[in-house]
Structure formats: C-alpha cells, structure tokens
Amino acid sequence: MRPQKNGKSKLLASKSKSGKESLNLGANTRTYLKGRIKAHREEIPWQDISTKTDVHELNPRSREALTLDAVADILPSIGEKGINTEGLAVVCPETGTRLLLDSSRRRFCGIEAKVSLPLWVIDGDIDTKDILSLINDSQEVKRWS
C-alpha cells in the first residue's frame, strides 16, 4: 500500500514470483503463473465445506494441529465477519472435491463458525511443480505456523 496525496492508502498491483500481476478485485476469474493457469471463484456454503473440500496432500499444514486453540487468533473474526480471503484449490478429477493448496485454517473455521468458504479453483489439470510453486507463493504472503 502506498499513501496518496490526500493521505488515504491505495492498493497497488504487484507481481509475485508466480507472475500474478493484478489484484482482480471483484473479478470471477484470475490467472496465476504468468497467465498459464486460470482459476474461477467459488463460494462453498458452510454446510458443504466438510464434504466438498479437503486439504491437498502437498499442503504443508499439519491436519492434526487444527484445533479450536490453534485457530483462536482468527475464529472470532471469522465468526463475526466471515472469511474475507479466498483460498486456492484444485479439483480432484475422480471425486470433484476441491483440494485446498492453502486455507486449511480458514476451512476449519468455516465449519466451526458456520460461514461459507471462498475459493479460487484452478481450471483444468495442473502439474505438481506448478502446485508447489503456488503453495510457495501462498506461504510467502503469510508463513504457516
């Protein structure tokens, strides 16, 4: 964020290592990895989070570490305001389940607080190298505990 002359902040587009070039605020589609990977936005109702989403096997967060104590820093806010940051997922071709590359804590909180889970879902097939690159970019924004 960079201050403007009137003292207000303005969000500026920045380029991540994956080549993500714009914020796409309000858009229903987004690209990653210098435009090679496309994604669309989905909102998973809280009632469906546990059945229509799962954590991708390459997601480095420990599932066993997800407890009410472990999410105490974000659960009250999510319960009050909902989840305001989209996660990133790929589709399991066999089941249609959204496999989360990040946002496992938000998924847990969505179930507990009964709020929907917003996701960017990758369109089409994606290889392991690209998945790891996207996970790495996600970690750079906020290191996982």
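Which residue takes a positive phi in the hairpin of E3 and E4? The legends below work through this predicted model view by view, and the hairpin gets a panel of its own.

**View 1. The whole chain, for getting your bearings.** The protein chain has four helices and eight strands. Reading from the N terminus, the elements go β-β-β-β-α-β-α-β-β-α-β-α. There are 145 residues here, and 39% of them count as buried. Take the contacts between residues at least 6 apart in sequence: 66% of those join residues at least 24 apart. As for the outside, the chain exposes about 9,100 Å², with carbon and sulfur atoms supplying 49% of that area.

**View 2. The open sheet and its order of strands.** Six strands make up this sheet, and across it you meet them in the order E3-E4-E8-E6-E7-E5, with mixed pairing. At the edges sit E3 (29–32) and E5 (53–55), each of which pairs on one side only. Going from one strand to the next, the twist averages 40 degrees. A bit of background helps with the next two panels: strands in a sheet pair through backbone hydrogen bonds, and they can do so in a parallel or an antiparallel way.

**View 3. The hairpin of E3 and E4.** Here's the answer to the opening question: Leu33 is the residue with the positive phi, near 50 degrees, in a hairpin that has four residues between its strands. E3 pairs with E4 (residues 37–44) in the antiparallel sense, over four bridges. Two pairs of facing residues are handy landmarks. Tyr32 stands opposite Ile37 in E4, while Arg30 has Ala39 of E4 opposite.

**View 4. E4 beside its other neighbour, E8.** These two strands also run in the antiparallel sense, this time over six bridges. To find your place along them, look for Arg41, whose bridge partner in E8 is Trp120.

**View 5. Helix H3 lying across the sheet.** H3 (residues 104–113) lies across four strands: E5, E6 (87–91), E7 (98–100) and E8 (117–122). Relative to E5, the helix runs at about 140 degrees. How much of H3 is covered? Mostly covered is the answer, with seven of its 10 residues buried. Those buried residues are Ser104, Arg105, Arg106, Arg107, Phe108, Cys109 and Gly110. They pack against strands E5, E6, E7 and E8, and also against two helices, H1 (49–52) and H2 (75–81). Just past the helix comes Lys114, and its phi is positive too, near 60 degrees.

**View 6. Thr97, in the loop between E6 and E7.** Is Thr97 buried or exposed? This loop residue has a relative accessibility of 15%, so it counts as buried, the cut-off being under 20%. Its side chain joins that of Thr95 in a polar contact of 2.8 Å. Leaving out residues up to four places away in sequence, Thr97 touches Thr51, Lys52, Thr53, Asp54, Val90, Val91 and Cys92. Some of these names fit elements you've already met: E5 covers 53–55, and E6 covers 87–91.

Terms used
Residues are numbered from 1 along each chain as its sequence is written. This is a predicted model: local features need pLDDT of at least 70, side-chain atom pairs count only at pLDDT 80 or more; totals for chains, interfaces and linings use all residues. Side-chain values use heavy atoms; hydrogens and water are left out. Two strands pair if DSSP finds at least two bridges between them. Axes are lines fitted to C-alpha atoms, for helices over the stretch in contact, and angles run from 0 to 180 degrees between N-to-C directions. Contact means heavy atoms within 4.5 Å. Buried means under 20% relative accessible area, exposed over 50%, partly exposed in between (1.4 Å probe, protein chains only). A polar contact is a pair of N or O atoms within 3.5 Å; within protein, one must be able to donate a hydrogen and the other to accept it, and residues adjacent in sequence count only if both atoms are side-chain atoms. Accessible areas come from the Shrake-Rupley method with a 1.4 Å probe; for residues, only the protein chains shown count as cover.
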